[in-house]
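Q: Hi! Could you walk me through this one with me?

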Amino acid sequence: MNYTQAVGEKSTVKLTITFTEEEWQDAINKAYAKTRGKYSVPGFRKGKAPKPVLENYYGKGVFFDEAFNLLYGEHYYAIIEKEKDNFTAVGEPSLSVEDMTEGKGVTLSAVVPVKPDVTIEAYTGLKIKKYEYNVTDADVENEVNKLASRDAKDVPVEGRACKSGDTVNIDFSGSVNGEKFAGGTAEDYDLVLGSHSFIPGFEEQVEGMKIGENKDITVTFPEDYQADNLRGKDAVFAIKLNKITEKQYPELTDEYVKKHAGVETVEDYKNKTREKLLKNAENRSRDDTENSIVNEICKHAAAEIPDAMLESEIDRMVQDFSYRLMYQGIKLEDYVKYMGQTMSEFREQFREQARPRVLSQLVVEKIVKSENFKAEDGEIDKKIEEQAQSVGKTFEEYKKNIDPRQLEYISNDIIITKLFDFLSKNNELYTEDGEPAAKPAKKPAAKKATAEKAEGEPAKKPAAKKTTKKS
């Protein structure tokens with residue numbers, strides 16, 4: 001067996017694999033041995049007919065498909081592994097038979113979708129928004145009050161209009177251009193005003209209604225709404241308000257927080273809550289700023305992303321959506337049916353979001369390789385030591401039993417931290433008011449980059465000229 005490779009269109013590599021007549025006949029014999037039990041011929045017990053008899057009865061090509069499968073399974077993945085420094089396959093290949101001349105063997109071709117080249121015009125010297133979130137006294141009070149919500153009681157409201165925070169029981173019927181749509185009608189529906197459970201403008205217009213009141217409200221579905229047929233459309237909802245309830249909370253005392261939160265005083269609980277909110281705000285600021293950095297760099301990047309990578313990303317997005325539904329006790333299949341869509345139509349909604357997500361992954365991988373960020377053994381051991389201490393174990397005891405996947409996670413976390421430290425220092429970050437987030441560090445000149453493979457050493461772009469290789 002020998003093969004050649006050549007760069008194809010749209011981030012593909014074409015492998016042309018040639019097998020000798022001896023190899024081809026050997027594959028046919030193996031196919032016969034594997035599948036002969038499926039065939040029956042008059043005068044022979046099932047599975048006992050000789051190969052020539054089966055070929056004569058069913059046709060000479062009776063074992064060809066299975067022989068092709070055997071050759072593919074035996075050699076394709078070995079070639080992909082051998083060429084891993086030259087390209088990274090990101091999906092299953094498109095297979096075809098290029099030549100099958102009797103007595104001269106066969107030639108197969110495999111068009112393989114591969115991780116694409118990505119060009120980054122600049123990833124330093126850019127002006128990028130930095131996100132900062134503060135924690136106010138009101139934030140602390142709202143969070144502290146949540147402790148008492150577990151013992152809150154729903155109390156009927158009489159004699160006033162509903163307001164944000166109330167739970168209203170409503171009947172509603174929605175229509176677009178006078179026609180009702182799937183999922184737009186319900187009776188005795190409990191809605192917490194201010195929860196943003198419905199599309200923008202709905203809850204706000206329900207606020208102020210009184211028990212027994214009927215009202216038509218007009219809202220506009222968002223442009224990114226999950227149902228294609230409703231995106232950007234104006235809808236009229238006929239609302240009837242049946243009842244209003246509000247929450248009554250127990251008094252938050254030292255005795256209450258001691259019992260339910262394990263702290264001595266309300267003040268202690270407020271301090272503990274503030275610390276938690278500050279940590280959350282810090283994490284949110286970091287995450288949103290890192291996303292802002294990557295998004296800005298992606299504006300200066302381009303890649304020809306193969307469909308296989310988009311489909312894989314859509315798979316992940318659909319799976320995440322399915323998990324979120326599961327927490328609500330809803331099956332994805334039921335949700336898609338309720339929305340009046342096929343699974344294919346539902347998946348297609350994610351395609352527009354999938355492309356920038358894949359590009360951002362490629363950009364991050366590229367910069368990591370360009371700057372040669374690595375997790376050193378000492379850095380990994382330091383993280384392991386911190387985790388060991390957090391669970392009361394020695395470093396040696398903890399490391400001995402650590403999961404390889406956890407080691408990979410630790411390594412990746414170190415690398416990503418280095419990446420964003422570098423990008424933060426070498427770009428100009430500004431806050432909401434337009435002021436510099438920090439004194440900019442001295443920055444190197446903006447860099448240009450082309451793709452490298454995600455794992456291992458930098459990938460080499462396959463040469464357009466064919467090269468013959470032997471196994």
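A: Happy to. Keep in mind that this is a predicted model. Let's start with Phe202: apart from neighbours within four places in sequence, Phe202 is in contact with Ile170, Leu191, Ile217, Val219, Phe237 and Ile239.

Q: And which residues touch the most other members of the largest nonpolar core?
A: Phe202 is one of them, along with Val168, Phe237, Ile297 and Val363. That core has 77 residues.

Q: What does the second, separate core include?
A: Phe19, Val41, Leu71 and Phe87 are among its members, and this second core has 31 residues.

Q: Switching to pockets: how much space lies in the second largest one?
A: About 550 Å³. The second largest pocket is lined by 20 residues, and Gly183, Ser197, Phe198, Tyr225 and Tyr338 are the closest to its centre.

Q: Which elements give two or more residues to that lining?
A: Strand E9 (179-192) and helix H9 (332-338). E9 provides the largest share, 7 residues.

Q: What's the lining like by class?
A: The second largest pocket has 15 nonpolar and 5 polar residues in its lining, and no charged ones.

Q: New topic: where does Tyr323 lie?
A: Tyr323 is in helix H8, which covers residues 307-327.

Q: Why does Tyr323 count as partly exposed?
A: Because its relative accessible area is 43%, which falls between the 20% and 50% cut-offs.

Q: And how far apart are Tyr323 and Gly165 in space?
A: They are 28 Å apart, C-alpha to C-alpha, with their positions 158 residues apart in sequence numbering.

Technical notes:
Residues numbered from 1 in each chain as written. Predicted model: local features only at pLDDT ≥ 70, side-chain atom pairs only at ≥ 80, totals over all residues. Heavy atoms only, no water. Helix = DSSP H or I, 4+ residues; strand = E, 2+ residues; numbered from the N terminus. Buried < 20%, exposed > 50% of the residue type's maximum accessible area, 1.4 Å probe, protein only. 1 Å grid on protein atoms, 1.4 Å probe; cavity = no way out; pocket = protein on both sides within 12 Å on 5 of 7 lines; lining within 4 Å. Points joined across faces, edges and corners; volume = space filled by probe spheres on them. Nonpolar A, V, L, I, M, F, W, Y, C, P; charged D, E, K, R; others polar. Core = buried A, V, L, I, M, F, W, Y, C linked by side-chain atoms within 4.5 Å. Contact = heavy atoms within 4.5 Å.
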